[in-house]
Amino acid sequence: MIIEVLFNEVCGLNGDAQNAAYLQYAMPDAKIIYTSLLDEPYFATGRPDMILIGYMTENTQRRVIEKLMPLKERLCALIDDGVVILATGNAGEIFCKHISYVTEKLETEGLGIFDLTVKNDFFKRYNGKILSRFEGIEVVGFRTQFAHIYGDNSDCYFAEVIRGIGINPDSKLEGMRKNNLLCTHTVGPILPLNPLLCEKLIALAGGNAEAAFREEAVAAYEERLKEWNDPAIRFDM
């Protein structure tokens, strides 16, 4: 399996860099390509089985959009072909139509894969836990963000929210999905926290491997599920 990690030197905040490390433990023979923001992505000419991109600063977000915009047609072809793309934290926002940076008084166009808009406000940070459900798998994690997404994602959401918020405080549908392009604000990092989800992604990418340290990972996941389902536990932090 070939896994490309995009711009890990600037897109791995809030633990997201560990998603690739966890996959490497699960699949020691997998080839993981770390592409710098200054390099041409492997996916521009090759076909990875999975692409990862994680949380970044807002300034980096604009640079990433600039980097990927000329490759939009290629990205769309890979999405249509079923390549797994996991975008965590604010990385998923780059696939929306438009981003407004309210505090900085800046506007930028996104890649436009989803007909949704992003509003980013440095004076309104949201921190919280989230419990959601993706294809029958309960997903636990954390949210830390300045931005919310607006529009109708009812036909393209990543997961149904059980506790917490969706793409914005009025929504119960979290993230976006198109084929195997999966965008979620959940960080933590998401794959080590959710070994069953990790196995699902490996299967979607055509692999057949268990999550790394499966017994311990599943035990920790089940303990966290108990905590996340406790009504006494606050989700807004």
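**Helix 5, helix 6 and the rings around Trp228**

In this predicted model, helix 5 buries Pro195, Leu197, Cys198, Glu199, Leu201 and Ile202. Just past the end of helix 5 comes Gly206, whose phi is positive at about 95°. Helix 5 turns up again below, as one of the elements that cover the buried residues of helix 6.

Helix 6 takes in residues 214-228, 15 in total, and runs 20 Å from its first C-alpha to its last. That is close to the 21 Å expected at 1.5 Å a residue. The buried positions here are Ala217, Val218, Tyr221, Leu225 and Trp228. Looking down the axis of helix 6, these buried residues fall within an arc of 95°, so they line one face of the helix. The spacing fits a simple rule: an α-helix has 3.6 residues a turn, so residues three or four places apart point the same way. Over on the other side of helix 6, Glu215, Glu216 and Lys226 are exposed.

What sits on top of the buried residues of helix 6? The cover is a mix of helices and strands: it includes helix 1 (18-26), helix 4 (190-193) and helix 5 (195-204), along with strand 8 (126-134), strand 9 (137-145) and strand 11 (159-163).

Now for the rings. The structure has five aromatic pairs. One of them joins Phe142 and Trp228 edge-to-face, with 5.5 Å centre to centre and 85° between the planes. Phe142 belongs to strand 9 and Trp228 to helix 6, so this pair ties together parts that lie 86 residues apart in sequence. As for exposure, Phe142 is partly exposed, at a relative accessible area of 28%, whereas Trp228 is buried, at 2%.

Trp228 has a second ring partner in Phe235; this pair is edge-to-face as well, at 6.3 Å centre to centre and 80° between the planes. Here both members, Trp228 and Phe235, are buried. Put together, Phe142, Trp228 and Phe235 make up one aromatic cluster.

Trp228 also has a charge for company: the charged end of Lys129 sits over the Trp228 ring, 5.8 Å from its centre. An arrangement of this kind involves Arg62 too, whose charged end sits over the ring of Tyr101, 4.5 Å from the ring centre.

Key. Residues are numbered from 1 along each chain as its sequence is written. This is a predicted model: local features need pLDDT of at least 70, side-chain atom pairs count only at pLDDT 80 or more; totals for chains, interfaces and linings use all residues. Side-chain values use heavy atoms; hydrogens and water are left out. Helices (H or I, at least four residues) and strands (E, at least two) are DSSP runs, numbered from the N terminus. The expected span of a helix is 1.5 Å times one less than its number of residues. Buried means under 20% relative accessible area, exposed over 50%, partly exposed in between (1.4 Å probe, protein chains only). The arc is that of the directions from the helix axis to the C-beta atoms. Contact means heavy atoms within 4.5 Å. Rings of Phe, Tyr and Trp (its six-membered ring) pair if their centres lie within 6.5 Å; planes under 30 degrees apart count as stacked, over 60 as edge-to-face and the rest as tilted. A charge sits over a ring if NZ of Lys or CZ of Arg is within 6 Å of the ring centre and within 35 degrees of the ring normal.
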